[in-house]
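Good morning, and thank you for making time for this presentation. Please keep the sequence and the model in view while I speak.

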Amino acid sequence: MTPNWFAAVMGTGIVAVVAAAFPAGGPVARTAAEIFWLIAATLLVVLTTALVRHWIRRRDDALADARSHTMFPFYGAVSMAVLTVGAGTGSAGRALLGGVAVTASATLWTIGTVVGLVTYVVMARRLTRPHQVTPVPSWLMPVVPPMVSAATGAALVKHLPEGAPQIAMLALCYTLFALALSAALTVAVVVGRHLLSNGLPDTPLVPTLWIPLGVIGQSVAAINLLGGASGHAWLHSVGVVYGTTVGALGVLALVTLVTVTARAFRRGLGFTPGWWSFTFPVGTCALGANSLGVALDSVVIVGAGVTLWCALVLIWITVAVRTLRHAAGQRGGRLVRDDSAAHALSAVR
């Protein structure tokens, strides 16, 4: 059991989070949000149990993963999985859990944020040291969790007492936003230089190129959700300006990625667990579009978010079916490492 499988929780949970965020979500959206939240929560429990057992029974392997430049970044997926399920608990799960939903959401937010700060610090330290391995987009994963904490923390602000508690939470979330954005830009520069010098990665690793798109979508969502939660017009304006500018960059990136990925499929891109890279980034873009659309009161931009969510559902169904088939062929269906596809595993988002 390796942490890359938590990408499935992220990709499932984001479907619920986006569906619950639609301003005019009807019965279909609410039902979909609840179903996907339940699936994500179940996956989180199962995979967390498996990961804990892995650390207990195969400690040497687990330590090797934690020290590995290839596998360690996916501990960021553990943090983001917890944060995503936590966000869904406070929104999609509210009808089922009642008053407990907010407490459970806050608890998961705290756990996910702590884990994310740990992966952030470890990865930041590694980036300052000389390394002999190839920079890859998955290096973004351990530094991005604070951005997810910023976005999901915005929903918790209104549940705190007015005054100092709300101000402190907003300040914390904006700090997390700044930390993640600065580190993500640093990693993007390192990885971007490598890609410019050496070209695109091999076909099995093309899904890793979607990781930066997730940062774009999540940052647009975070700054607009925080601006709305603050109640201050100037923070709202900052969110709109940032979201409009970076969102336009996201549209160009999305079109480019679709083109590159289509070519990869024509070259024979086969299934790997890395296909989950197609889910969470698209989901964050849908969430970002919805958040910006609400901030601008734009039906068109909210509609773009809905369109992206519909595409996300189709992608999720495809990836989930292929994952089940893949898992069934792994030693009786157990989620284990496939050493013959080590490089493909590094594509997981």
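I shall begin with Pro-212, which has its place in helix α9. The structure is a predicted model, and my remarks should be heard with that in mind. Is Pro-212 buried, partly exposed or exposed? Its relative accessibility is 32%, so Pro-212 counts as partly exposed, given that this class lies between the 20% and 50% limits. From Pro-212 to Leu-235 there are 23 residues along the chain, and the C-alpha atoms of the two are separated by 25 Å.

Let me stay with helix α9, which covers residues 211–230. Its partner here is helix α7, residues 145–157. In general terms, a packed pair of helices is described by two quantities, the angle between the axes and the distance between them. For α7 and α9, the axes come within 8 Å and the crossing angle is roughly 25 degrees. That makes α7 roughly parallel to α9, because angles under 35 degrees are placed in that class. The handedness of the α7 and α9 crossing is left-handed.

After α7, the chain enters the loop between α7 and α8, where Lys-158 is found. The helix α8 itself spans 164–198. With a relative accessible area of 61%, Lys-158 is exposed. The C-alpha atoms of Lys-158 and Met-169 are separated by 9.9 Å, with these positions 11 residues apart along the chain.

I turn now to two further helix pairs, which share α11. How do the axes of α11 and α12 cross, and within what distance do they come? They come within 7 Å and cross at roughly 160 degrees. The two helices are therefore roughly antiparallel to each other, the limit for that class being over 145 degrees. Their crossing is left-handed.

The other pair joins α11 with helix α1, which is made of residues 7–21. Here the axes come within 9 Å, and the crossing angle is roughly 15 degrees. Therefore α1 and α11 are roughly parallel to each other. The crossing in which α1 passes α11 is left-handed.

The loop between α11 (280–296) and α12 (299–328) holds Asp-297. Most residues other than glycine have a negative phi. What is the phi of Asp-297? It is near 55 degrees, a positive value in a residue that is not glycine. Asp-297 is also exposed, at a relative accessible area of 70%.

Next, the charged side chains. Side chains of opposite charge can pair when their charged atoms come close. How many salt bridges does the count give? The count comes to 1 salt bridge, by the rule of a nitrogen-to-oxygen distance within 4 Å. Arg-58 and Asp-61 form a salt bridge through their side chains, at 2.7 Å from N to O. Both ends have some accessibility: Arg-58 is partly exposed, with a relative accessible area of 45%, and Asp-61 counts as partly exposed at 31%.

The surface also carries a nonpolar patch. Leu-38, Leu-96, Leu-97 and Val-100 make it, and its area is about 340 Å². One of these residues, Val-100, is found in helix α6, residues 100–127. Val-100 counts as exposed, because its relative accessibility is 52% and the class begins over 50%.

Two last residues complete the survey. Is Val-85, in helix α4, buried or exposed? Val-85 is buried, with a relative accessible area of 4%. Helix α4 runs over residues 75–91. The C-alpha atoms of Val-85 and Arg-322 are separated by 22 Å, and the two residues are 237 apart along the chain.

Leu-252 lies in helix α10, residues 233–266. This leucine is exposed, with a relative accessible area of 59%. Between the C-alpha atoms of Leu-252 and Ile-167 the separation is 35 Å, for residues 85 apart along the chain.

To close, I return to the helix pairs. The crossing of α7 and α9 is left-handed, that of α11 and α12 is left-handed, and α1 passes α11 in a left-handed crossing as well. I thank you for your attention.

Key
Residues numbered from 1 in each chain as written. Predicted model: local features only at pLDDT ≥ 70, side-chain atom pairs only at ≥ 80, totals over all residues. Heavy atoms only, no water. Patch = residues over 30% accessible without salt bridge, like charges linked within 9 Å, V, L, I, M, F, W, Y side chains within 5 Å. Areas by Shrake-Rupley, 256 points an atom, 1.4 Å probe, with all protein chains shown as cover. Helix = DSSP H or I, 4+ residues; strand = E, 2+ residues; numbered from the N terminus. Buried < 20%, exposed > 50% of the residue type's maximum accessible area, 1.4 Å probe, protein only. Axes fitted to C-alpha atoms, helices over the stretch in contact; angles between N-to-C directions. Parallel < 35°, antiparallel > 145°, perpendicular 65-115°, else oblique. Left-handed = near helix turned anticlockwise from the far one by under 90°.
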